[in-house]
Amino acid sequence: MTDRDLVTARTVAQHLHEPTGGSVADAVREFVAMQGQDLPGVIASIALRTGSCVDRVTEAFERGAIVRAYPMRGTVFAMAADDALWVSELCNGSAIRAQENRRSALGLEQPHFVTAGDVLEREAAAGGCSKQQLFAAWQAAGVDTGGGRGYHVLTYFIGTRVAVYGPIAERDNTVRLAADWLPADSTLDERFNGDRVTAATELLRRYFISRGPATIRDAAWWSKLPLALLREAAKGLGDEIERVDADEPVYRRAQLADAVAAAGRAATVPMLLPGFDELVLGYQDRGYIVPDRHLERLVPGRNGVFRPTAVASGQARGTWKRTGRPGSRRFELDPFAAVSQTRQLAFERAFAKFPFATP
């Protein structure tokens, strides 16, 4: 399979060529989790895959159907609310241990977390609170939030399933108590009777449905679960996933090849992706879509901040941005190589339909 064939297959698997038309929560649930550092970006990623308007995505946050949490890798993801607890329990152990090991370097000790937890319970009760409100309350209680400490403390409480990012207010999620906002019957014990292999099988099944063709190593990188656990979990995948034998076996949802053939050229038309989109970030090797010589332009300084990507015919063709002020916005393409007028116009049409979450 060439890189372009792989991009096309993953484009179809991720519903980018033809939105699902289903509910926002169901679409997010199929992905298990969608990288969500940039809130407007992940709203766009969800809308592109569902055919939803931005309002439908934000409404799903408002009523608690989807949330943002820290389920793995110390990274914030958008998730269906009924997945946030069990996935975090399954995947988050190493990230939490790493956070705990960094505490002393930040001048934080256990008493700070006891105080911060008490303040969090008070401030986020009932309707929740903003991060700014919470940080101010922590500072007043003697927990220094400067130098990234406030962010460290908050992500620890979200990662340990005490809190979660809930409804959107002022272009950010409010902080809610997990006990108030997440389904109580969605823990690892409730969903899988505490069986980590069964839970890992479910995670792996959805990873391959939404991101296949992919390998177990891809899933291990993405989830940070041990390869041994995932290899054991793969034995229970069932008929919904097909295995393609190679030097390293590849997994994909059954009949994906037929879906790609049926999609035809529709799966290769020019499209615009927000930064941090799963078509780029859902796999360890990004060279399949962005040649290594151009990776620096996609991730300047390789600092983890991904620019929005313009994709056509199974390959990233450049990065893009929106310029100008509200009411007079313009599309600006930074191509990796010369782009034809036909392709430029197609990108501009995609820009005109892009689900921007901000004016």
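## A walk through the helices

Start by selecting Leu39, Ile43, Ile46 and Ala47 in H3, which meet Val54, Val57, Thr58 and Phe61 in H4. Sorted by class, the residues of this contact come out as seven nonpolar, one polar and no charged. Keep in mind as you go that this is a predicted model.

Now show both helices in full: H3 covers residues 39-50 and H4 covers residues 54-62. Their axes come within 9 Å and cross at roughly 110°, which makes H3 roughly perpendicular to H4. Look at the handedness too: the crossing of H3 and H4 is right-handed.

Next stop, another helix pair. Select H2 (residues 24-31) and H12 (residues 196-211), whose axes come within 7 Å and cross at roughly 105°. H2 and H12 are therefore roughly perpendicular to each other. To see the contact itself, pick Arg29, Glu30 and Phe31 on the H2 side, then Arg206, Ile209, Ser210 and Arg211 on the H12 side. Colour these by class and you get two nonpolar, one polar and four charged residues in the contact of H2 with H12.

Stay with Ile209 for a moment and use it as a bridge to Glu240, since Ile209 is among the residues in contact with Glu240. Where does Glu240 lie? Glu240 is in the loop between helix H14 (227-234) and strand S6 (241-244). Is Glu240 buried, partly exposed or exposed? Its relative accessibility is 42%, so Glu240 counts as partly exposed. Setting aside neighbours within four places in sequence, show its contacts: Arg205, Ile209, Arg252, Arg253 and Ala254. For a sense of scale, draw a C-alpha to C-alpha distance from Glu240 to Gln110: the two are 46 Å apart in space and 130 residues apart in sequence.

Now head for helix H5, residues 84-91. Switch on a surface and select Ala84, Leu85, Trp86, Val87, Ser88, Leu90 and Cys91, which are buried. That is seven of the eight residues of H5, so the helix is largely enclosed by the rest of the structure.

Finish with the cysteines, picking up Cys91 from the end of H5. Cys91 has 3% relative accessibility and so counts as buried. Jump to Cys129 and you'll find 3% relative accessibility there as well, so Cys129 is also classed as buried. How many disulfides does a search of the whole structure find? The search comes back with zero.

Terms used. Residues are numbered from 1 along each chain as its sequence is written. This is a predicted model: local features need pLDDT of at least 70, side-chain atom pairs count only at pLDDT 80 or more; totals for chains, interfaces and linings use all residues. Side-chain values use heavy atoms; hydrogens and water are left out. Buried means under 20% relative accessible area, exposed over 50%, partly exposed in between (1.4 Å probe, protein chains only). Helices (H or I, at least four residues) and strands (E, at least two) are DSSP runs, numbered from the N terminus. Axes are lines fitted to C-alpha atoms, for helices over the stretch in contact, and angles run from 0 to 180 degrees between N-to-C directions. Angles under 35 degrees count as roughly parallel, over 145 as roughly antiparallel, 65 to 115 as roughly perpendicular and the rest as oblique. Contact means heavy atoms within 4.5 Å. Ala, Val, Leu, Ile, Met, Phe, Trp, Tyr, Cys and Pro count as nonpolar, Asp, Glu, Lys and Arg as charged, and the others, Gly among them, as polar. A crossing is left-handed if the near helix is turned anticlockwise from the far one by less than a right angle, and right-handed if clockwise. A disulfide is a pair of cysteine sulfur atoms within 2.5 Å.
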